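Hello,

Here is the structure I promised to pass on to you. Please open it first, and then read my notes below alongside it.

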Number of protein chains: 2
Amino acid sequence: MGHMTSEHRPALPATPPLTERQEARRRRILHASAQLAGRGGFDAVQMREVAELSNVALGTLYRYFPSKIHLLVATMQDQLQHMHATLRKRPPTESDPGARVAQTLMRAFRAMQREPHLADAMVRALTFADRSVSPEVDTVSRLTTAIILDAMGLDSDATPEQLSAVRVIEHTWHSALITWLSGRASIAQVKIDIETVCRLIELTGPQPGLQRPE
Amino acid sequence: MGHMTSEHRPALPATPPLTERQEARRRRILHASAQLAGRGGFDAVQMREVAELSNVALGTLYRYFPSKIHLLVATMQDQLQHMHATLRKRPPTESDPGARVAQTLMRAFRAMQREPHLADAMVRALTFADRSVSPEVDTVSRLTTAIILDAMGLDSDATPEQLSAVRVIEHTWHSALITWLSGRASIAQVKIDIETVCRLIELTGPQPGLQRPE
DNA sequence: CGCTAATCTAGAACAAGTTACAGAACCGAT
DNA sequence: ATCGGTTCTGTAACTTGTTCTAGATTAGCG
């Protein structure tokens, strides 16, 4: 990704500060979205219902979130921030970076198992998003990356190889979630896939030669 | 053309054999689907247009493919079978199994670059599919697995570890495609991700002593 | 051939995402 | 407090996936 991501639309970076009521509206909308998604999943999040449940006109809903996908991706941003905060409070106990990442992702996975419908709505929206949602999806991606780097124990100084491994882990994470949510993979299989991909981290160790062979 | 592998009848319970005209209709539909997808991507595949372009009534289209997602996943099955046949003709030239898989996937990726809109329609449908499409998506998954195992050089005897690695490679493949199609990752990055994940294959040692040269 | 059941066609109808628009409410600056 | 522009509301309309129905066509069979 280049540095020229959004250099030509000065409207977005300058997010006009929302008033109190506007911030409240936004919260109500996100809450309604998560609530509807929580039971019923993607299909249960109907824009008219979200609008009604959050006491907002349909047009207003679309002003805040220009599409259902935008809304659900924003919902995921919201949930991910919660999760990031929660995970920070209890860092993984394992010693190997790879094991720590696997442990963290399995915790996140368990959280999703508690709300499978919500997870369904968010992940489906995320992978279905087209170019018009790229900035928002990118934010989600950065959040996920941050969570994984946190688990690894290195925040900012990662080698390009490690960043590649993290990207691959993210790919696996999303795709494995999808296969689980659509009933094509068991929980056990998701666990195995996560553990398998996390072995990549041991491969890209920053200190060459310090890993004990298997 | 195509006298081999007529064994693929995914609908196990009572697939009534199609008549000549029915088979022709099915082909016309799939062709129209791929054509519309080819320019315009997912959104350009509109059921009414598919029906019209393939000279079939809308109700008939829905009898053959019970949803747009089913239709596009079936289109992907079709394209994947082509690709599998094509790839078989020119097997990868690398020696390491991991490198062979990477080479094969990059070939497939290059094919997708030639028809990005078609790729977009198929992959979006694949990851958006819900439980009702599981059998069809599973068929696509098995096809992909077969392609990868082919590239590795072992067709039927793979260790569970290797199968895990293959699943993770598939996850990465799909997800990396998505990020590329939605403009969030460059071609170079997809290449790196594929090469990174293919290192997993080297990790999962083959059966001791059974190294199989070409 | 003639019959019956399944299939196909044409078109209307419905559902949910999205857009459009007129008027009410709100916000900030004078 | 008032004015001007923006935002919000309520509602209708439009789009496209999906379902439904009535009649025409076809396939299989005695």
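The largest share of the surface near DNA strand C comes from α4(B), which supplies 3 residues. Please keep in mind that this is a predicted model. Helix α4(B) is one of several elements here: α3 (47-53) and α4 (58-64) of chain A, along with α1 (20-38) and α4 (58-64) of chain B, each give at least two residues to the surface near DNA strand C. So both protein chains take part, as those elements of chain A and chain B show.

If you want to look at individual residues, 18 of them surround DNA strand C, and A:Arg48, A:Lys68, B:Thr60, B:Arg63 and B:Tyr64 come nearest. Which part of the strand do they meet? Of the atoms of DNA strand C that come within 4 Å of the protein, 66% belong to sugar and phosphate. By class, the surface near this strand has 7 nonpolar, 5 polar and 6 charged residues.

Some phosphate contacts on DNA strand C are worth a look:

- B:Arg25 has a polar side-chain atom 2.9 Å from a phosphate oxygen of DNA strand C.
- B:Arg63 also places a polar side-chain atom by a phosphate oxygen of the strand, at 3.3 Å.
- A:Val45 uses its backbone instead, with an N or O atom 3.2 Å from a phosphate oxygen of DNA strand C.

Now for the other strand. DNA strand D is surrounded by 19 residues, and the closest are A:Arg25, A:Thr60, A:Tyr64, B:Arg48 and B:Lys68. Here α4(A) gives the most to the nearby surface, with 3 residues. The elements that each supply at least two residues are α1 (20-38) and α4 of chain A, together with α3 (47-53) and α4 of chain B. Sugar or phosphate makes up 69% of the atoms of DNA strand D within 4 Å of the protein, and bases make up the rest. The surface near DNA strand D divides into 7 nonpolar, 6 polar and 6 charged residues.

The phosphate contacts on DNA strand D include these:

- A:Arg25 has a side-chain N or O atom 2.8 Å from a phosphate oxygen of DNA strand D.
- A:Thr60 places a polar side-chain atom 2.8 Å from a phosphate oxygen of the strand.
- B:Val45 has a polar backbone atom 3.3 Å from a phosphate oxygen of DNA strand D.

How are the two protein chains related? A rotation of 180°, with 0.0 Å of shift along its axis, superposes chain A on chain B with an RMSD of 0.1 Å. That is why the relation can be described as a two-fold axis. The same surface serves both copies, as 97% of the contact residues of chain A recur in chain B. To find the axis on your screen, look for A:Thr172, whose C-alpha comes closest to it among the residues of chain A, at 2.7 Å.

Next, the interface between the protein chains. There, 35 residues of chain A are in contact with 34 residues of chain B. The two chains bury about 3,300 Å² between them, and 55% of that is on carbon and sulfur atoms. Three residues, A:Phe128, A:His171 and A:Arg184, supply 20% of the area that chain A buries against chain B, more than any other three.

There are 12 residue pairs in polar contact across this interface. The elements giving two or more residues to the side of chain A that touches chain B are α7 (116-128), α8 (134-152), α9 (160-181) and α10 (187-203) of chain A. Of these, α9(A) gives the most, with 12 residues. By class, that side of chain A has 14 nonpolar, 12 polar and 9 charged residues.

Finally, the salt bridges. The structure holds 16 over all chains, and 6 lie across the interface of chain A and chain B. One that is easy to follow joins the side chains of B:Arg184 and A:Asp138, at 3.7 Å from N to O. A:Asp138 also meets the side chain of A:Arg142 in a salt bridge, at 3.4 Å. A:Arg142 and A:Asp138 are 4 residues apart in helix α8 of chain A, so about one helical turn separates them.

Enjoy exploring, and write back with any questions.

Best wishes

Definitions and conventions:
Residues are numbered from 1 along each chain as its sequence is written. Chains are lettered from A and ligands numbered from 1 in the order in which they are written. This is a predicted model: local features need pLDDT of at least 70, side-chain atom pairs count only at pLDDT 80 or more; totals for chains, interfaces and linings use all residues. Side-chain values use heavy atoms; hydrogens and water are left out. A residue is near a molecule or strand if one of its heavy atoms lies within 4 Å of it. A polar contact is a pair of N or O atoms within 3.5 Å; within protein, one must be able to donate a hydrogen and the other to accept it, and residues adjacent in sequence count only if both atoms are side-chain atoms. Ala, Val, Leu, Ile, Met, Phe, Trp, Tyr, Cys and Pro count as nonpolar, Asp, Glu, Lys and Arg as charged, and the others, Gly among them, as polar. Contact means heavy atoms within 4.5 Å. Buried area is the accessible area (1.4 Å probe) that two parts lose on being put together, summed over both. A salt bridge is a side-chain nitrogen of Lys or Arg within 4 Å of a carboxyl oxygen of Asp or Glu. Copies are superposed by least squares on the C-alpha atoms of residues with pLDDT of at least 70 in both.
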